[in-house]
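These are my notebook entries from an afternoon of looking things up in one structure. I wrote each entry as I went, starting with how far the model can be trusted.

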Amino acid sequence: MFFLLLLANIHYGTFSIVGLDPETGEIGIAVASRVLDVGYIVPWLDADAGGVATQALSNPYFGPWGLALLKKGYSPDSVLKIILKKDTMPEDRQVGIVDLKGNSISFTGKNCLEWAGHIDDRYVAIQGNILAGEGVVQAMYRAFKGSNAPLPERLLLALEAGEKAGGDRRGKQSAALYVLKKRGGYLGVDDRLVDLKVVDNSEPVKELRREYELWQYAFLAPAYLRLAKEEKEKKDAFIERAHLLMQKALKSKINKPEVFNSLAWEFALMKMYPEETIKAALRAHKLAPDDPNIMDTVAEAYYAAGKPDEAVKWEEKALKLQPDNEFFKKQLKKFRKAASGK
């Protein structure tokens with residue numbers, strides 16, 4: 001019993017951000033803290049409602065209560081009033097709420113340990129307690145607002161900026177990054193567009209960045225390209241974000257040929273960004289020079305760029321390695337027809 005009472009009086013220092021991308025409908029939360037597995041405590045998201053971050057002396061019921069009310073159409077302001085009224089210790093709580101319309105609100109109770117405070121604005125709510133100072137949330141706000149990157153990257157940039165500004169003044173232990181989008185999960189089976197957390201690490205935000213750098217190309221870019229086909233009214237927004245990821249990959253030192261091959265193939269089929277598509281395909285070939293499937297991607301990229309003669313050369317290379325590949329034969333026939341002008 002004494003142990004439970006002791007736990008009830010622990011205030012967890014934490015800084016978090018809830019953000020919405022109004023063009024794609026993505027809703028996400030990034031959070032870091034000097035506490036074990038903060039991703040298990042603070043973030044609450046629903047692709048049909050919005051996001052709630054509950055922290056300080058965290059009341060976990062704020063998450064499901066808040067999301068249920070948002071789903072019923074209540075504004076974040078109304079939601080906050082209702083959940084605080086239901087609470088027995090509201091001045092010990094800190095919470096940030098953003099709905100799918102971009103309305104937001106944050107709250108910092110009077111009993112939250114210094115420094116504690118928040119910033120909320122259209123599409124974003126930022127909050128923190130037991131921080132190095134007000135500069136933490138200010139830096140997070142500037143980083144989020146100052147970037148045109150996809151939402152997961154903007155949330156992570158805000159978290160990194162907050163840590164650089166001092167973060168949790170007690171130290172570091174865990175971090176998490178979650179982003180939901182309707183049918184944004186793997187092959188559209190659920191809404192988990194990004195699902196990453198660091199449970200216990202001496203540099204949790206750095207580890208979160210390392211994990212995200214892998215995740216964005218393996219899962220995020222393919223999801224954006226798939227969603228571009230599924231949601232016609234948002235096609236341009238999703239393609240733009242996938243394009244940003246291809247640009248980022250080309251500037252990086254990534255040594256995974258499948259990253260470049262996948263991006264090049266999808267953009268070649270859409271006949272978009274031809275020069276960058278060729279660069280991505282050639283980068284994949286450089287990393288895996290004996291892979292005939294990548295040679296086929298290079299050929300498709302040149303074909304999409306209006307260079308069928310080059311496409312023929314590359315498809316012939318692929319067929320030389322796999323002379324019985326029927327798909328390669330069809331590709332070569334298509335490219336030769338284009339090269340002949342018939």
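**Confidence.** I began with the pLDDT, since this is a predicted model. The chain averages 94, and 96% of the residues score at least 70. Over residues 1-10, however, the pLDDT is below 50, and I noted that this stretch has 3 contacts in the model beyond near neighbours in sequence.

**Strand E5.** Next I asked how many of the residues in strand E5 (residues 93-99) are buried. I found that 7 of its 7 residues are, so I looked at the two faces separately, taking buried to mean under 20% relative accessible area. On one side I listed Arg93, Val95, Ile97 and Asp99, and on the other Gln94, Gly96 and Val98; every one of these is buried, and both faces of E5 are therefore covered.

I then turned to the pairing of E5. Strand E4 (residues 50-56) runs antiparallel to E5 and is joined to it by 7 bridges, with Thr54 standing opposite Val95. Strand E6 (residues 104-108) is likewise antiparallel to E5, joined to it by 5 bridges, and there I recorded Thr108 as the bridge partner of Gln94. The hairpin of E5 and E6 has 4 residues between the strands, and within this hairpin Gly102 takes a positive phi near 95°.

**Salt bridges.** I counted salt bridges with a cut-off of 4 Å between a side-chain nitrogen of Lys or Arg and a carboxyl oxygen of Asp or Glu, and the count came to 29. I looked up three pairs in detail.

The side chains of Arg241 and Asp21 meet with N to O at 2.8 Å. Arg241 belongs to helix H7 (residues 235-251) and Asp21 to strand E1 (residues 14-21), so that this pair, 220 residues apart, links distant parts of the chain. When I checked the accessibility of Arg241 and Asp21, I found both to be buried.

For the second pair, I noted a salt bridge between Glu230 and Arg183, with 2.9 Å from N to O. Because Glu230 lies in helix H6 (residues 204-230) and Arg183 in the loop between E9 and E10, the pair ties together parts that are 47 residues apart in sequence. Glu230 counts as partly exposed at 36% relative accessibility, and Arg183 is also partly exposed, at 38%.

In the third pair, the closest N and O atoms of Lys313 and Glu310 are 3.4 Å apart. Both residues sit in helix H11 (residues 308-321), and because they are 3 residues apart there, about one helical turn separates them. I entered Lys313 as partly exposed at 47% relative accessibility and Glu310 as partly exposed at 27%.

I also noted a network of salt bridges that links Glu153, Glu160, Arg209, Glu213 and Lys248.

**A nonpolar patch.** Last, I asked which residues form a nonpolar patch on the surface. I found Tyr186, Leu187 and Phe219, which together have about 370 Å² of accessible area. I followed up Leu187, which is found in the loop between strand E9 (174-180) and strand E10 (192-198). Its relative accessible area is 64%, and because the cut-off for exposed is over 50%, I entered Leu187 as exposed.

Technical notes. Residues numbered from 1 in each chain as written. Predicted model: local features only at pLDDT ≥ 70, side-chain atom pairs only at ≥ 80, totals over all residues. Heavy atoms only, no water. Patch = residues over 30% accessible without salt bridge, like charges linked within 9 Å, V, L, I, M, F, W, Y side chains within 5 Å. Areas by Shrake-Rupley, 256 points an atom, 1.4 Å probe, with all protein chains shown as cover. Buried < 20%, exposed > 50% of the residue type's maximum accessible area, 1.4 Å probe, protein only. pLDDT = per-residue confidence, 0-100. Contact = heavy atoms within 4.5 Å. Pairing = 2+ DSSP bridges.
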